[in-house]
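Welcome! Here is a short briefing to read alongside the model, with lead sentences first and grouped points after them.

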Amino acid sequence: MNHQASLNKLKTPLAGAVVWLCLASNHALAQTPQWWITRGVLNQNPAQDYTPVNQGQLKWLASNAYAEVSRTIGPDTGLTARINAFSTTNNYFPVNIGQVKHLAAPFYDRLYAFGLTNSLPAGIQGHYPWDGKPETNDFAMVNIGQAKYVFSFDLSVDSDHDSLPDWWEIANFGGTNNCAPDDDPDGDGYTNLEEYQAGTVPTNPDTDPPAVSIQTPVNGTRVVWVP
Ligand SMILES: [Ca+2]
Ligand SMILES: [Ca+2]
Ligand SMILES: [Ca+2]
């Protein structure tokens, strides 16, 4: 896993609930989300999931997660503030469970606001991966596998397999059953799938790029290309 020397140390969590951060969770997060691959989150070394994670590694992981949230559903002020609270030192310091929870919580708050967190077992309140787990010490050290687990959420999930990811359907249509890829609800000539691929707004014809028209020159005229 890479380090990012320019990233900063984690804030020390406030004293509070002590909850065990559990790897073998029934909170069904993705094993290897697509954004880990596209963003080069992991290096090519064999997995060392039981090696203690350090602050530089955790900041690298969280920074890429932040970039992915920003690309899709967008961050809120709480999440941005948490990322901006990194300092530039202590990258080789160990990380404890409380620090990981402190850093990961605003990510899950943001996912929860979009309805993108998984359901916890019946009777368990909350929306964090560690909710409902046996309690232990927030000051216990964290290994790489535990840090990876907490940041393994996958925003490319497409529950109905129509090529429109859940986050995009929820953001634009308020749910995952309210649009079809071939529909054009704003009547701008672009289907929902085309709007998703182009990054335009499927409910607003004014946000789309203008159509390009190319005139055919009359024979014998000189055409000047202006890039
Ligand atoms: Ca879909
Ligand atoms: Ca459209
Ligand atoms: Ca549109």
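Which protein donors does the calcium ion (ligand 1) have, and how far from it do they lie? They are D158 (OD), D160 (OD), D162 (OD), L164 (O) and E169 (OE), at 2.1 to 2.2 Å. Donors here are N, O and S atoms within 2.8 Å of the metal (3.2 Å for Na, K and Ca), and water is not among the atoms, so sites may look incomplete.

This is a predicted model, in which local features need pLDDT of at least 70 and side-chain atom pairs count only at pLDDT 80 or more, while totals for chains, interfaces and linings use all residues. Residues are numbered from 1 along each chain as its sequence is written, chains are lettered from A and ligands numbered from 1 in the order in which they are written, and side-chain values use heavy atoms, with hydrogens and water left out.

**The chain as a whole**

- The chain has seven helices and zero strands; helices (H or I, at least four residues) and strands (E, at least two) are DSSP runs, numbered from the N terminus.
- Of the 227 residues in the chain, 43% are buried, where buried means under 20% relative accessible area, exposed over 50% and partly exposed in between (1.4 Å probe, protein chains only).
- Among contacts between residues at least 6 apart in sequence, 72% join residues at least 24 apart; contact means heavy atoms within 4.5 Å.

**The calcium sites**

- Along the chain, the donors of the calcium ion (ligand 1) are spaced as D-x1-D-x1-D-x1-L-x4-E.
- Two of these donors can be described by accessibility: D160 counts as partly exposed because its relative accessibility is 31%, whereas L164 is buried, with a relative accessible area of 0%.
- For the calcium ion (ligand 2), the protein donors are D184 (OD), D186 (OD), D188 (OD), Y190 (O) and E195 (OE), found 2.2 to 2.4 Å from it.
- The spacing of the ligand 2 donors is D-x1-D-x1-D-x1-Y-x4-E, and both D188 and E195 are buried.
- D186 coordinates both the calcium ion (ligand 2) and the calcium ion (ligand 3), which are 4.1 Å apart.

**Helix α6**

- In helix α6 (residues 166-173), the buried residues are D166, W167, W168, E169 and F173.
- Those buried residues pack against α2 and α7 (192-198).
- G174 follows α6 and has a positive phi, near 75°.

**Helices α3 and α4**

- Helix α3 (residues 77-84) packs against helix α4 (residues 97-113) at an angle of about 150°, and their axes are 8 Å apart.
- Axes are lines fitted to C-alpha atoms, for helices over the stretch in contact, and angles run from 0 to 180 degrees between N-to-C directions.
- The two helices, α3 and α4, are therefore roughly antiparallel to each other; that term applies to angles over 145 degrees.
- G78, L79, R82 and I83 of α3 make the contact with H102, L103, P106 and F107 of α4.

**The loop with T51**

- T51 sits in the loop between α1 (34-38) and α2 (55-71), and is partly exposed, with a relative accessible area of 33%.
- Leaving out residues up to four places away in sequence, T51 touches N143 and I144.
- T51 and I144 are 93 residues apart along the chain, yet their C-alpha atoms are separated by 5.8 Å.

Conventions. Parallel < 35°, antiparallel > 145°, perpendicular 65-115°, else oblique.
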